[in-house]
Amino acid sequence: MTTLMGGNTTFQKRARGSTRTAFSPSEALGEVVALQRDRWILWLPPALIVGAALWLLAPIDPPWWLGLAVFVPSAAAAIGLAIWPSETADGWDVRLRTVLAALFALLAFAGLGAGAAQLRTSLVAQAPFEGREDPFATEGWVIANDANENGPRLRLLVRSIEGVSEPPRYVRFSVVEAGMLTPGRAARCYGVLGPPAAAMAPGGYDFARRAFFERLGETGFAYGRCRPIALEPPPSWFDRQRLTLAAMRSDLSAVIQEAAPGRGGAIAAALVTGDRSSIDEATNIALRDSGLGHLLSVSGIHMGVVGGLVFAMVLWTLSLIPPIALRFPVKKIAAIVALIVLAAYLVISGSSVPALRSFVMACVAFGAILLDRPAISMRGLALAALIVTLLFPEAVLEPGYQMSFAATMALVALFEMMKRAPHEPALPTPGPLIGALQSSARGIGGVLLISLVAGIATDPFAIYHFQRFSIYSLPANLITAPIMSFLVAPAAAAAAILAPFGLADPALEFMASALDMIAAVGATFGERPEAVRALPRPPDLAFVLCVVALLWASLWRGALRWIGAPILAASILLYAVAPRPVAAFDSDLRAIFAKDSDGDWMLINEARRSTYARDRLAAMLGVAPAQLERLAPPETCTDDFCTWDFDGQRFVYARTEAALTSLCEEGIIILSRARSPAGAPCAAGQLIDASDLAKHGGGFIYLEDGALRIERAWPSGVRRAWTPRTPATDQE
């Protein structure tokens with residue numbers, strides 16, 4: 001080695017003519033494996049998630065002891081192998097035991113996840129309530145207004161249902177107008193209730209499962225308005241506090257909208273209290289199509305902005321007071337204050353499951369600061385996923401859970417890759433001008449890179465669950481992120497500080513103006529005809545491989561990450577070659593999509609008011625919203641029936657029982673909401689009538705090499721506590 005001295009800096013460089021060490025595959029492999037020494041534990045939360053997901057997706061209820069039977073022996077084997085004494089610190093036997101211990105630990109956590117799902121299911125289970133076709137009276141207290149584009153939907157904490165001895169805990173009525181029935185008030189509704197709607201087509205969103213874990217037993221519609229009545233408070237202390245908080249949130253929402261009326265005020269109320277009922281449909285659609293829909297629900301981004309802002313303000317303020325800064329751990333004090341503020345925000349915003357999940361993640365991050373550990377680390381994220389999954393195992397199948405953890409995991413992996421190694425020398429300090437330019441470039445580049453990485457990490461989940469891709473999501477989020485962080489959040493903090501003195505109106509007006517800017521950005525991008533690209537739903541195996549590739553690239557270190565690339569390529573290949581249906585229908589035949597002889601889509605739309613079934617089926621088939629509005633029914637449609645052909649196969653949609661009876665011919669496929677006459681068997685190749693729809697729901701029809709295959713939403717062998725018992729009366 002030759003040493004060159006220059007000023008006060010010593011540079012070492014290899015002398016010319018020196019030789020490098022020959023490449024050794026075994027040494028290179030050893031270095032790669034050594035990098036993963038502390039990463040094996042990060043795979044335990046994914047194993048827990050897999051166990052919970054497998055239990056929830058099982059066709060029938062697994063035995064109650066299954067999770068325990070897997071967890072106990074596997075955990076014992078993992079611990080036993082880990083503490084087994086060894087004469088040498090290294091060797092093939094030690095490595096073998098280490099690998100076996102890791103595998104048994106993964107199996108144990110999978111069993112733990114299954115056990116958590118079993119326990120959670122048992123805790124929320126309630127007596128089944130079969131809906132009736134005739135209307136009846138229901139009394140209870142309004143706990144929330146789950147408004148959608150079709151109008152208000154009142155969620156009631158049930159006191160009594162006419163003729164029912166064991167009513168469900170919650171029911172939901174769609175009403176024409178909520179009137180004075182704000183959360184916290186007692187109400188009497190007269191209407192029809194039925195079980196929550198299950199998936200309308202194979203792979204569709206299962207609202208019935210979500211309703212089961214929310215203890216929402218029935219949904220339906222009310223005749224006329226629900227009437228306010230006088231009721232004694234609920235006997236349970238917990239229920240009384242929930243109603244009090246719901247009333248406080250409703251009053252706070254009204255105060256915010258009174259101080260800042262209009263679109264911005266409605267969005268401000270949604271961000272603070274979680275009440276989205278006042279946001280108009282056009283704003284909802286524009287924000288969703290521009291990729292900004294996540295801003296309307298209290299979730300990770302809001303918890304992060306609020307917690308980070310409070311932490312920075314308290315830390316900055318205390319650091320300016322020398323007696324406090326020199327004597328007390330101001331960073332830990334700021335973390336405690338941020339946790340207290342986040343807990344209050346969680347209560348005020350309604351304590352939804354996404355908000356609870358984000359709060360747990362924030363607790364882990366600030367808890368790491370209290371323990372003098374890195375706040376941003378993959379282990380902290382793994383701990384947050386572990387806690388959230390144990391508390392809410394049903395959330396592992398929800399898009400919000402998957403997308404939030406995927407985005408955070410990808411960003412933490414990016415942070416680890418860009419972090420300077422401890423042995424690397426620090427760069428020289430630049431001058432003021434160069435330093436300012438470098439800081440600005442790093443800030444802009446960081447925002448661009450974070451948005452890009454988070455978008456790439458969440459896009460597979462958006463395509464799988466929603467079958468949509470927002471073309472302008474990246475620029476829209478880049479524009480709105482600084483508005484949220486530097487305008488909306490400080491204005492909200494100022495309003496909270498000034499509210500006790502009655503001086504919050506100017507801050508709320510400023511906050512609403514900033515949110516109105518965000519809504520304008522959403523409208524600018526979301527209202528463009530090409531804003532949303534519809535993509536067909538990927539096969540389950542392709543989605544699983546994509547998730548494995550993301551986990552592999554994020555959780556491992558070094559060159560081992562690149563094994564995720566062929567896994568991702570296999571996922572894309574499976575998606576590209578997956579068979580596509582030639583016809584699709586929902587469980588009520590409100591929308592039937594069919595391909596003509598040229599391979600173009602046709603639409604038979606029987607919906608009278610709601611377009612939910614039509615829109616969701618179109619998305620699953622990859623039909624863009626702009627294209628959907630131009631679809632026409634088959635040219636052969638009459639008032640009684642429609643017929644069409646594809647690849648030599650005849651299809652028939654019969655609107656009446658008479659048409660169903662007259663069109664029964666051998667080899668054709670008949671769809672009908674009518675019921676096949678008893679004693680007159682139909683000779684059709686496939687008959688899907690009212691009875692069949694009630695049992696198996698919607699479906700996709702495939703023609704593969706001339707062979708017919710029909711995939712149904714509710715297969716015969718599936719029977720869980722949340723699977724449909726009778727046709728549903730309401731759609732999510």
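Reader: How many helices and strands does the protein chain have?

Author: The protein chain holds 23 helices and 19 strands. Note that this is a predicted model.

Reader: How does the radius of gyration of the protein chain stand against that of a compact globule?

Author: The chain length sets the expectation. For 732 residues, a compact globule would have a radius of gyration near 27 Å, and the protein chain has 29 Å, which agrees. Along the principal axes, the C-alpha trace spans about 100 × 70 × 55 Å.

Reader: What share of the residues is buried?

Author: Of the 732 residues in the protein chain, 43% are buried.

Reader: Take G80 as a single case. Where does G80 lie, and which class of exposure does G80 fall in?

Author: Helix α3, residues 66-83, contains G80. Its relative accessibility is 26%, so G80 counts as partly exposed; the class covers values between 20% and 50%. Sequence and space can also be set side by side for this residue. G80 and R155 are separated by 75 residues in sequence and by 51 Å in space, C-alpha to C-alpha.

Reader: Next, the cavities. How is empty space found, and how many cavities of 30 Å³ or more are there?

Author: A probe the size of a water molecule, rolled over the atoms, shows where empty space is left. In this model the count is 2 cavities of 30 Å³ or more.

Reader: What is the volume of the second largest cavity, and which residues line that cavity?

Author: The volume is about 60 Å³. The lining of the second largest cavity consists of I267, L271, L287, L295, L296, M484, L515, I518 and A519. By class, these are 9 nonpolar residues, with no polar and no charged ones.

Reader: Which helices supply at least two residues each to that lining?

Author: Two elements do so: α7 (263-273) and α17 (505-526). The largest share, 3 residues, comes from α17.

Reader: Now a sheet. In what order do the strands β14, β15, β16 and β17 stand?

Author: The order is β14-β15-β16-β17, an open sheet of 4 strands with mixed pairing. At the edges stand β14 (641-646) and β17 (686-688); each has a single partner strand, so one side of each is left without a neighbour in the sheet. From one strand to the next, the twist averages 15°.

Reader: How many bridges join β16 to β17, and which residue in β17 stands opposite I670?

Author: Strand β16 (residues 669-672) runs parallel to β17, and 3 bridges join the two. Opposite I670 stands L687 in β17.

Technical notes
Residues are numbered from 1 along each chain as its sequence is written. This is a predicted model: local features need pLDDT of at least 70, side-chain atom pairs count only at pLDDT 80 or more; totals for chains, interfaces and linings use all residues. Side-chain values use heavy atoms; hydrogens and water are left out. On a 1 Å grid over the protein atoms alone, a cavity is a set of points where a 1.4 Å probe fits but cannot get out, and a pocket is an open set with protein on both sides within 12 Å along at least five of seven lines; lining residues have an atom within 4 Å of a point. Grid points are joined across faces, edges and corners, and a volume is the space filled by probe spheres set on the points. Ala, Val, Leu, Ile, Met, Phe, Trp, Tyr, Cys and Pro count as nonpolar, Asp, Glu, Lys and Arg as charged, and the others, Gly among them, as polar. Two strands pair if DSSP finds at least two bridges between them. Axes are lines fitted to C-alpha atoms, for helices over the stretch in contact, and angles run from 0 to 180 degrees between N-to-C directions. The radius of gyration is taken over C-alpha atoms; the globule rule is 2.2 Å times the number of residues to the power 0.38. Buried means under 20% relative accessible area, exposed over 50%, partly exposed in between (1.4 Å probe, protein chains only).
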